[in-house]
Amino acid sequence: MSKVIVAGGGAAGMMAAVTAARNGKEVLLIEKNEKLGRKLFITGKGRCNITNSADIEDLFSAVVSNPKFLYSSFYSLTNDQVIDFFEDLGVKTKVERGGRVFPESDHSSDVIRALEQEMKRLGVEVCLKSEVKEILIEDENAGGVILSSGKKLYSDAVIIATGGISYPSTGSTGDGYRFARACGHKVTELSPSLVPMEVKEWYAKELMGLSLRNIEIRITAGKKKLYEEFGEMLFTHYGVTGPVILSASSIVGRRLKEQELTLHIDLKPALTEEQLDKRVLREFEANHNRQFKNAVEASSLQN
């Protein structure tokens with residue numbers, strides 16, 4: 001029986017271990033944390049957004065760069081198959097707004113537990129608090145790993161599932177990029193994605209906690225439009241966040257390294273300037289006995 005070593009005990013690592021074991025491989029999963037699924041546990045604010053129910057072709061439109069690269073991956077394990085995978089493990093799912101798929105229980109721990117139980121059933125050996133420091137390369141093939149302790153473990157194949165560098169406190173410290181370089185792969189420049197943005201305006205801090213719904217944002221570099229989206233956003237003590245901002249970061253992240261960009265916020269994108277002008281005048285007329293700030297507050301409460 002051939003042996004497979006999986007480096008990383010997150011969602012990808014556990015699913016890879018299950019798949020390899022189901023195909024008759026002897027599997028060893030190595031995780032440097034004290035337990036499996038650290039980042040999976042906090043996914044979707046602890047509810048675990050498993051996948052999306054949209055048509056698979058629509059999913060490619062959400063891939064920011066080089067979606068063709070993921071064609072084989074998406075079609076080898078479709079979103080419907082992902083749902084079936086977890087349903088078969090006893091994790092009932094539900095679909096919410098935007099096609100987001102969650103476990104019915106709203107507990108990410110149920111997803112982790114299901115994967116752990118399936119690995120145990122299949123005989124996958126799990127080694128916690130052990131860190132892979134190097135991939136053993138023999139005759140241009142991965143023949144095992146070297147742990148931080150110096151111990152060498154040999155195998156017929158190695159699966160690197162260490163994640164990116166998005167959340168170091170959960171173990172995503174960029175090890176996979178280092179392994180890839182050591183194996184001769186080229187790694188492109190990294191930039192943050194799906195992250196909040198900082199703004200230089202002083203009043204952003206004054207607006208901290210203000211949530212805007214049904215707005216439209218536009219990000220420009222000079223007169224050139226880089227991004228435009230409709231949805232929700234939130235002011236923070238350092239800038240802005242929320243769904244439309246997180247999505248925008250994937251598009252404009254690299255440009256921010258080159259120059260300052262401008263964020264435009266349309267609070268009433270469904271109204272023309274004329275319609276908005278009439279609405280504002282109507283609101284002030286209805287609240288003409290109030291102070292300006294109270295009239296604005298009353299108007300916002302009514303809408």
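Is D106 buried, partly exposed or exposed? With a relative accessibility of 26%, D106 counts as partly exposed. The views described below, including one of D106, are taken from a predicted model.

**View A. D106 and D139, two loop residues with positive phi.** D106 is located in the loop that links strand 5 (100-103) to helix 6. Its phi is near 65°, a positive value in a residue other than glycine. D139 belongs to the loop between strand 7 and strand 8 (141-147), and the phi of D139, near 55°, is likewise positive in a non-glycine residue. Most residues other than glycine have a negative phi. D139 is exposed, its relative accessible area being 74%, whereas D106 is partly exposed.

**View B. The open parallel sheet of strands 6, 2, 1 and 10.** The sheet contains 4 strands in the order 6-2-1-10, and their pairing is parallel. Strand 6 and strand 10 are the edge strands, each pairing on one side only. On average, neighbouring strands of the sheet are turned by 20° against each other, direction ignored. Between strand 1 and strand 10, which run parallel, there are 4 bridges. In this pair, A7 stands opposite I160 of strand 10.

**View C. The largest nonpolar core.** This core has 26 residues, of which L29, F86, V111, L115 and M119 touch the most other members. Two or more residues each are supplied by strand 1 (3-7), helix 1 (11-22), strand 2 (26-30), helix 5 (79-88) and helix 6 (108-122). Helix 1 provides the largest share, 6 residues. In soluble globular proteins, nonpolar side chains tend to be buried together.

**View D. The surroundings of V111, and a second core.** With neighbours within four places in sequence left aside, V111 is in contact with L40, C48, I50, F86, V91 and P103. Of these partners, F86 is also listed among the core residues that touch the most other members. A second, separate core comprises 15 residues, including I217, I219, Y227 and A248.

**View E. S130 in the loop between strand 6 and strand 7.** S130 lies between strand 6 (125-127) and strand 7. The relative accessible area of S130 is 15%, so this loop residue counts as buried. Residues up to four places away in sequence not counted, S130 touches I30, E31, K32 and L147.

**View F. The buried face of helix 7.** Within helix 7 (residues 175-182), the buried residues are D175, G176, F179 and A180. Viewed down the helix axis, these buried residues fall within an arc of 135°, and they therefore line one face of helix 7. They pack against strand 7 (132-138) and strand 10 (157-160). After helix 7 comes G184, with a positive phi near 95°.

**View G. Antiparallel pairing of strands 12, 13 and 14.** Strand 12 (residues 211-221) and strand 13 (residues 224-235) run antiparallel and are joined by 9 bridges. A221 stands opposite K224 of strand 13. The two strands form a hairpin with 2 residues between them, and G222 in the turn has a positive phi of about 70°. Strand 13 also pairs with strand 14 (residues 239-241), in the antiparallel sense and over 2 bridges. Here F235 stands opposite V240 of strand 14, and the hairpin connecting strand 13 to strand 14 runs through 3 residues. Strands of a sheet pair through backbone hydrogen bonds, either parallel or antiparallel.

**View H. A204 in helix 8.** A204 is part of helix 8 (residues 203-206). With a relative accessible area of 3%, A204 is buried. Apart from neighbours within four places in sequence, A204 is in contact with V199, F235 and T236. One of these partners, F235, is the residue that stands opposite V240 of strand 14. The C-alpha atoms of A204 and V111 are separated by 38 Å, the two residues being 93 residues apart along the chain.

**View I. The cysteines C127 and C183.** C127 has a relative accessible area of 25% and is partly exposed. C183 also counts as partly exposed, at 35% relative accessibility. A search of the whole structure finds 0 disulfides.

Notes
Residues are numbered from 1 along each chain as its sequence is written. This is a predicted model: local features need pLDDT of at least 70, side-chain atom pairs count only at pLDDT 80 or more; totals for chains, interfaces and linings use all residues. Side-chain values use heavy atoms; hydrogens and water are left out. Buried means under 20% relative accessible area, exposed over 50%, partly exposed in between (1.4 Å probe, protein chains only). The arc is that of the directions from the helix axis to the C-beta atoms. Contact means heavy atoms within 4.5 Å. A nonpolar core is a set of buried Ala, Val, Leu, Ile, Met, Phe, Trp, Tyr and Cys residues joined through side-chain atoms within 4.5 Å. Two strands pair if DSSP finds at least two bridges between them. A disulfide is a pair of cysteine sulfur atoms within 2.5 Å. Axes are lines fitted to C-alpha atoms, for helices over the stretch in contact, and angles run from 0 to 180 degrees between N-to-C directions.
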